[in-house]
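Visitor: I am new to this structure and would love a close look at a single part of it. Please choose one place, stay with it for a while, and then show me what else is worth finding from there.

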Amino acid sequence: MKNKSKIIFSALIVLAGLFSTQSVKATDGYFGVGYGAQNKGLAGAGVAWYQNSLINGNPAGHVFLGKQYQLGVDFFNPNREYTVTGNPSGMDGTFGLTPGTVESDSKLFLMPSMGANWMINENSSFSATIFGNGGMNTDYPTQTFYDSSSETTGVDLGQMFLGLTYSRKIAEKHSLGFTALLAYQYFEAKGLSSFAGYSSASTKLSGNGHDSALGYGVQFGYMGELAKGLHLGASYQTMLYMSEFDDYAGLFAEQGDFNIPSTWTVGLAYEINTNWAVMADFKRINYTDVAAVSNPMDFSSALLGDDEGSGFGWEDINVLKFGVEFSGLKSWTLRGGYSHCDQPIQESEVMFNILAPGVIEDHITVGCSKTLGDSGKALHLALVYALPASVKGYNPMDFEFDSDMNMVPNQTIEIEMNQIEVELAFTF
């Protein structure tokens, strides 16, 4: 037992090191479509499904999983680009961009995760998990905003969670769960120094390397069987309160504040028979909790870094998730899912979102699990395809005058993305 604990502790240290060098990506805005291979195979559905993933699932469900360890690795390929159409007007006071299409580099990311669940007794459990919550990354091989101090333009945001969960049955088929969340995130921006005149702290705007922040929050969950085969689940995660990115206090609103938005989910799962189960979830992500994410781009009323300073202009989004699971094959479980979310980025906000083109709306997923004899071990696989999506709008900083001397937009900017994701996991 002591040797096993040492192995798990060592793996946690290695995992933390991997996260410190990898940008974590995601797709419901910048949250993951799902967490863990089993859950991703269902497109993130299953807040009411008691056989779901240990990784960042409904904390109320852990007590039904039994003693379990899980290791996972995710290979993530986001393809993002922007296209500028129209030549700059060249008028005083404008900021036109170079026309053409630019693709972001850094197209393959590795995202590990792990967790362990221990039964305290037959009615309660304790678990510890480490996983990536979300992030943003762009790395354009050009001076998009004409910053002569950097050959590239982009941002790099990564987020890692440590979740400590207590789950308890309050009746035979009803349970509650509580997770204490500790979060670590890092951020870097390059190629933005040309906005120094719009910043409240121009030396804390761009090119300062990676800065990091720590924070905390909690998650609550309920799961229960309402009628034979019909399950209800719900969870709520508070906003995670993070320390500020001091090195980027001249970029992010509220002097570098970058909290992690609150979310809540409610869903149903129905066991049609012993082989088939279907599930549907509704999820809400409250991006307007965070000024740096939700403030619109507007240099006329406040400077970057001020409380009302420009942000990415993201709106709150609703997410619908549907999943189906079939376990009628010997030692195999098959999964499929579909997820659709609102578009968080509006047409008026495309310029800053060149840096964070989180435009994905639809995901199609498949997955499977293979049990390995009677040992309690299993292999899991999930494949996720995020359908191509784009948002197109005018460059708000480039204009010209028509014959009646009315100010009219001069350039359009289109931001685009698609994604492919493969996750492998092992439980024992």
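Guide: We will start with one strand and its partners, and then visit some rings and loops.

This is a predicted model, in which local features need pLDDT of at least 70 and side-chain atom pairs count only at pLDDT 80 or more, while totals for chains, interfaces and linings use all residues. Residues are numbered from 1 along each chain as its sequence is written, and side-chain values use heavy atoms, with hydrogens and water left out.

Please find strand β11, which covers residues 276–285. Strands here are DSSP runs of E with at least two residues, helices are runs of H or I with at least four, and both are numbered from the N terminus. In a regular strand, side chains alternate between the two faces of the sheet. On the covered face of β11 you will find Ala 277, Met 279, Asp 281, Lys 283 and Ile 285. Its uncovered face carries Trp 276, Val 278, Ala 280, Phe 282 and Arg 284.

Now look to the strands beside β11. Strand β10 runs antiparallel to β11, and nine bridges join them; two strands pair if DSSP finds at least two bridges between them. These two strands form a hairpin, with four residues between them. To see how they line up, look for Thr 263, which stands opposite Ile 285 of β11. Strand β12 is another antiparallel partner of β11, joined to it by 10 bridges. Here Val 278 stands opposite Val 324 of β12.

Strand β12 also holds Leu 320. This leucine is partly exposed, because its relative accessible area is 38% (buried is under 20%, exposed over 50%, partly exposed in between, with a 1.4 Å probe and protein chains only). Leaving aside neighbours within four places in sequence, Leu 320 is in contact with Asp 281 and Phe 282, as well as Tyr 338, Ser 339 and His 340; contact means heavy atoms within 4.5 Å. You have already met Asp 281 on the covered face of β11 and Phe 282 on the uncovered one. Leu 320 and Val 33 are 287 residues apart in sequence, yet their C-alpha atoms are 11 Å apart in space.

Step back to β10, residues 263–271, and find Trp 264 there. Trp 264 is partly exposed, at 34% relative accessibility. Together with Phe 178, Phe 220, Tyr 236 and Val 266, Trp 264 makes a nonpolar surface patch of about 430 Å².

From that tryptophan we can move on to aromatic rings elsewhere. The structure holds 35 aromatic pairs. Rings of Phe, Tyr and Trp (its six-membered ring) pair if their centres lie within 6.5 Å; planes under 30 degrees apart count as stacked, over 60 as edge-to-face, and the rest as tilted. One example is Tyr 69 with Trp 118: their ring centres are 6.2 Å apart and their planes stand at 80°, so this pair is edge-to-face. Tyr 69 is in β1 (residues 68–85) and Trp 118 in β3 (residues 109–121), so the pair ties together parts 49 residues apart in sequence. Tyr 69 is buried, with 5% relative accessible area, whereas Trp 118 is partly exposed at 27%.

Phe 299 and Phe 352 are also edge-to-face, with centres 6.0 Å apart and planes at 70°. Phe 299 lies in the loop between α4 (291–294) and β12 (317–329), and Phe 352 in the loop between β13 (332–341) and β14 (362–372), so parts 53 residues apart in sequence are tied together. Both are buried: Phe 299 has 17% relative accessibility, and Phe 352 has 5%. Ring pairs also link a cluster, with Tyr 30, Phe 31, Tyr 287 and Trp 314 among its members.

Let us finish in the loop between β12 and β13, where Ser 331 lies. Most residues other than glycine have a negative phi. Ser 331 has a positive phi of about 70°, although it is not a glycine, and it is partly exposed at 24% relative accessibility. Asn 56 likewise has a positive phi, of about 50°. That asparagine lies in the loop between α2 (37–41) and β1, and is buried at 17% relative accessible area.

Notes
Patches are made of residues with over 30% relative accessible area and no salt bridge: like charges are joined within 9 Å, nonpolar side chains (Val, Leu, Ile, Met, Phe, Trp, Tyr) within 5 Å. Accessible areas come from the Shrake-Rupley method with a 1.4 Å probe; for residues, only the protein chains shown count as cover. A salt bridge is a side-chain nitrogen of Lys or Arg within 4 Å of a carboxyl oxygen of Asp or Glu.
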